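This report considers the fold, the nonpolar core and the ligand surroundings of one protein chain. The sequence and the structure are shown first.

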Amino acid sequence: ARPVVAIVGRPNVGKSTIFNRIIGDKIAIVEDKPGVTRDRLYGRGEWLDKEFSIIDTGGIEIEGEDEILRSVRMQAELAIEEADVIVFMVDAKTGMTAADSEVAELLYRAKKPVVVAVNKVDNLQRVDDIYEFYSLGFGEIIGISGSHGTGIGDLLEAVTKHF
Ligand code: GDP
Ligand code: MG
């Protein structure tokens, strides 16, 4: 089986945007498990000679702050269970939030590699906004922009070196 990469993060950081850029035109399957309030999108990605499955864990309906925390918690648990490498996505535009810290707490317990992708680094002014996320305590941090498609090669390089 191909290695599994999961994208985790609170709503609106850009998970689906990056997921779509990574899978390109490779068909994604929506798995809708009966009785489970979460949908996952599975796709296939490749980088150089490496193929992998990728999950967008963010298909959860959100209502209110408590729901956000509950949903990101579920996503993180799902990723910890299923993934070989976890992409923890955060947002340079909004900076760090309580929900980000919440996800980080769960990911510390995962004995799996975590790569932090700081999305929305759309311009050079925002490059400095990456640094606050080092305080999350994960070693690898890559700045990307889903809008411009920049940094995605660097992200995939960091991810695929784990398998
Ligand atoms: P998700 O909820 O984490 O799956 O996030 P989405 O992929 O749905 O994106 C949330 C919003 O952020 C959308 O309006 C996107 O167009 C926007 N977005 C995604 N990537 C970027 C980016 O690199 N820069 C900016 N400025 N906006 C982005
Ligand atoms: Mg999404």
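Which residues of helix α4 (residues 152–160) are buried? In this predicted model, the buried residues of α4 are L155, L156 and V159. They lie on the same side of α4, because the arc they cover around the axis is only 95°. An α-helix has 3.6 residues a turn, so residues three or four places apart point the same way.

**Overall fold**

The protein chain contains 4 helices and 7 strands. Read from the N terminus, the order of these elements is β-α-β-β-β-α-β-α-β-β-α. Of the 163 residues in the protein chain, 34% are buried. When contacts between residues at least 6 apart in sequence are considered, 68% of them join residues at least 24 apart.

**Strands β1 and β5**

Strand β1 (residues 4–8) is mostly covered, with 4 of its 5 residues buried. The strand runs parallel to strand β5 (residues 85–91), and 4 bridges join the two. Within this pairing, V8 stands opposite F88 in β5. Another residue to examine here is V87. Apart from neighbours within four places in sequence, V87 is in contact with V5, A6, I7 and V8, and also with V115, A117 and V159.

**The nonpolar core**

In soluble globular proteins, nonpolar side chains tend to be buried together. The largest nonpolar core of this model comprises 38 residues, and V8, I86, V87, F88 and A117 have the most contacts inside it. At least two residues of this core come from each of β1, α1, β4 (50–59), α2 (64–82), β5, α3 (98–108), β6 (114–119) and α4. Strand β5 supplies the largest share, 6 residues. V8 thus appears both among the core residues with the most contacts and opposite F88 in the strand pairing.

**Surroundings of ligand 1**

The shell around ligand 1 can be described by residue class, as tabulated below.

| Class | Residues in the shell around ligand 1 |
|---|---|
| Nonpolar | 2 residues |
| Polar | 10 residues |
| Charged | 4 residues |

Which residues come nearest to ligand 1? Of the 16 residues around it, these are G14, K15, S16, T17 and G146. Helix α1 (residues 15–23) gives the most to this shell, with 3 residues. Helix α1 is also one of the elements that supply at least two residues of the largest nonpolar core.

Technical notes. Residues are numbered from 1 along each chain as its sequence is written. Chains are lettered from A and ligands numbered from 1 in the order in which they are written. This is a predicted model: local features need pLDDT of at least 70, side-chain atom pairs count only at pLDDT 80 or more; totals for chains, interfaces and linings use all residues. A residue is buried if 20 or more other C-beta atoms lie within 10 Å of its own, exposed if 12 or fewer, and partly exposed in between; C-beta atoms are placed from the backbone. Two residues are in contact if their C-beta atoms, placed from the backbone, lie within 7 Å. A residue is near a molecule or strand if its C-beta atom, placed from the backbone, lies within 6 Å of it. Ala, Val, Leu, Ile, Met, Phe, Trp, Tyr, Cys and Pro count as nonpolar, Asp, Glu, Lys and Arg as charged, and the others, Gly among them, as polar. The arc is that of the directions from the helix axis to the C-beta atoms. Two strands pair if DSSP finds at least two bridges between them. A nonpolar core is a set of buried Ala, Val, Leu, Ile, Met, Phe, Trp, Tyr and Cys residues joined through C-beta atoms within 7 Å.
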